[in-house]
Amino acid sequence: MRNLTGLLFAGGLGFMLLSIAINLDFGTPTMLIGGAIQSKALQETGATNIVTSVVLGYRGIDTLGELSILFAAAASAGLILGRRHTTAGTQTAGGFVLRHGGSMLFPLLMTIGFYIIFHGHLSPGGGFQGGVILAAAFFLPLLARPGAQLHHGTLSLIEGFAGASFVLIGLIALQQGKAFLQPMLIQDTLGVLLSAGTLPLLYLAVGLKVGAELASLLSHLAQTESDV
Amino acid sequence: MNEHLMLTIALPLLGAFLLPIIMRSSLAMGVWIGPAILGYGCWILGNLWLHGNGQPFSIAIGGFAPPIGINLYVDAMALLFAFATQLLGLIFWPFRLDQDTPKRQALMLLLVASSTGLALSGDLFNLYVFYELVAVSTFGLIAASSSGAAYVATIRYLILSGIGSVLTLFGIALIYAQTGTLNLAHLAQLAPDQLNNDLGLAAFLAILIGIGVKAELFPVNTWVPEVYATAASRLSAFLAGLVSKLAMLVILRLLLLIFHQPEATQVILILGILGVISGEFAAWRAKDMRRMLAFSSIGQLGVIFIAVALPDERGVLAVLALSLHHMLIKSGLFMLADHWGGSLDRLRGLAATSPLAGGLFVLFALSLVGMPPLPGFWAKFTLITELAGQTDPLYMIGLLVFLLATVIEASYLFRVAAKMYQTKPTENVRINAPDSGGLSLTTASLFGAGLIAVTVMVSPLGEALQAVAAQAQDVDLYIQTVLQQPLGERQ
């Protein structure tokens, strides 16, 4: 009975989607706001990567919201994982190649991660993507050496201050008589590393926060499984 | 001054990020940060209410004028609910100290920030982001509440909520694909041309079901009884009292501004009627106090959905009155029921051991049923007169169901009240009778006092609400305020 209901619901939803999709014309998106942003973004934010100008400028508060969602998810997971005790997971130590491979990848991943974060306003990439790579850099050695641990205190310190600095950059703008999260310090040289005003700073905060959060979440998961 | 409104969202977020760090170095300082931030938020919003000129205004975030940037739209209705959010957040602040305190308080700050955002935001996708934040922070808070039962409840809530989020996002994507904008004022402007069709209706239904998960809408409310019965009662009170109303507020806004199809209101009306029936009958059968309150909450929200389906300004007034009334009553009842878990029979003879708790319960029950001169009567009276004035037979069914629900409500509430006032409790039951904890009883008394205050001032408050409703209903005012163009230039 329950399966039948589920099937009916899925079928109905699929039918609705199809009948709607027929009426939408693909390939010619309505660029009402999109077009307006494309024509203005370079002058207004100074970021050559227009996606960045949307993510941090025009819809900055959404990004702050996403960061908070990530923070809430990590905190919730910490609350639940913190008390579970499974006896599963008797990992064997990795071999020589695995351990040293993990260590050698660490600096490379760090470099790439920070490169992607710092060039977020110039080329595809940015805080979210770079942050994930940073998290991977810290998590890889952990996978190679099951006994190793990340220092959770430091991670939560980075996480907290990175999130706070995002809000604080927004508040400084407010304090200077501008709007909350309004981009500041914009110069007119496009395309150089130090351009687009406060946007790279915001992306750095995003990257550090995402990196610290994911790393601590992953190591939490790893530890919960190996707790005996 | 107006720009400071942003602080009511930004400061709780800042506090949430920093709280775990501060608490690690100094617990004594940390515990005061949350209440201080929320108190400041109340002060800002209260000041705006008192010293504002009553005209709505819009704040462009990031300095980009809407519709390109995101804006907050602040009218009396938004201000009212934002203030209620911060105040209730302060009242239901999780004081309990244990190893989870920093995370719990940080999540609570996130919940308050996102709820305030839901009340104020003027952008469809931004609403979705705040809605998600509400969802994720409540998962954590419920799971952190206590028991294994709360875990199970959270998982059901998580799955339903996930389905709801996907549906909402799908609806938003449809709207964006059709119109190319996400700003509510801009959408309100374009809607008569572009969304008054099947696609608009499908988008609305997707968003309605999605957001309805939080607003306890009929088919997607199966998480409600489990969660409210197992989560900490301060949290249940906040969710039932406030968060459900904010989801309702979002649906009302979208309905007023964008979706004018008659089918949209019909769907809401039918789902509302079904919600009333299912909720009230389930509450009548419930054997556990908090489960009963949860089911009754589903029924009450159904009544509010019926009011949302009403077309004109009096309908909005009924929604506001019923929502605020339910916010007051349900919060109070959940606080009263803090220690009343388990079988309803445990409450036998409770009025003798704790006369204040018994008296408060009777007061809340009377107002919930709609006994004049308590405010519940006026809220329900507005709805009845408005429903009776409609010609569509569906509204008549709504009226009948509503009256039937009132009878059922009276029956189960007074069954409990009668149990409390039974005079000759047997010995062993007497020992079991729970005592109401000091803090929760004090909080409940606060809501009781609020209810009496509203009863005394019902006529000026009614007029004020009428003005709020009129302003919320004015689509032209909304468009004009946000896009700042004279009315003549509307396309």
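**Interface between the two domains of chain B**

A single salt bridge is found by the rule across the interface of domain 1 of chain B and domain 2 of chain B. In this predicted model, the salt bridge joins D75(B) to R253(B), with their closest N and O atoms 2.9 Å apart. Polar contacts were also counted between domain 1 of chain B and domain 2 of chain B, giving eight residue pairs, both members being at pLDDT 80 or more.

Several secondary-structure elements of chain B contribute to the side of domain 1 that touches domain 2: α1 (7-25), β2 (71-74), α3 (76-91) and α4 (101-120) each supply at least two residues. The largest share of that side, twelve residues, is provided by α4(B). Classified by residue type, the side of domain 1 of chain B that touches domain 2 of chain B comprises 28 nonpolar, ten polar and three charged residues.

With regard to the overall arrangement, the domain assignment divides chain B into domain 1, covering residues 1-121, and domain 2, covering residues 122-478. The C-alpha centres of these two domains of chain B are separated by 22 Å. Contact between them involves 41 residues of domain 1 of chain B and 45 residues of domain 2 of chain B. About 3700 Å² of area is buried between the two domains of chain B, and carbon and sulfur atoms give 75% of this area. Within domain 1 of chain B, the residues that lose the most area to domain 2 of chain B are M77(B), F92(B) and L118(B), which together account for 22% of what that side buries.

Notes. Residues are numbered from 1 along each chain as its sequence is written. Chains are lettered from A and ligands numbered from 1 in the order in which they are written. This is a predicted model: local features need pLDDT of at least 70, side-chain atom pairs count only at pLDDT 80 or more; totals for chains, interfaces and linings use all residues. Side-chain values use heavy atoms; hydrogens and water are left out. Domain bounds come from an automatic or database domain assignment. Contact means heavy atoms within 4.5 Å. Buried area is the accessible area (1.4 Å probe) that two parts lose on being put together, summed over both. A salt bridge is a side-chain nitrogen of Lys or Arg within 4 Å of a carboxyl oxygen of Asp or Glu. A polar contact is a pair of N or O atoms within 3.5 Å; within protein, one must be able to donate a hydrogen and the other to accept it, and residues adjacent in sequence count only if both atoms are side-chain atoms. Helices (H or I, at least four residues) and strands (E, at least two) are DSSP runs, numbered from the N terminus. Ala, Val, Leu, Ile, Met, Phe, Trp, Tyr, Cys and Pro count as nonpolar, Asp, Glu, Lys and Arg as charged, and the others, Gly among them, as polar.
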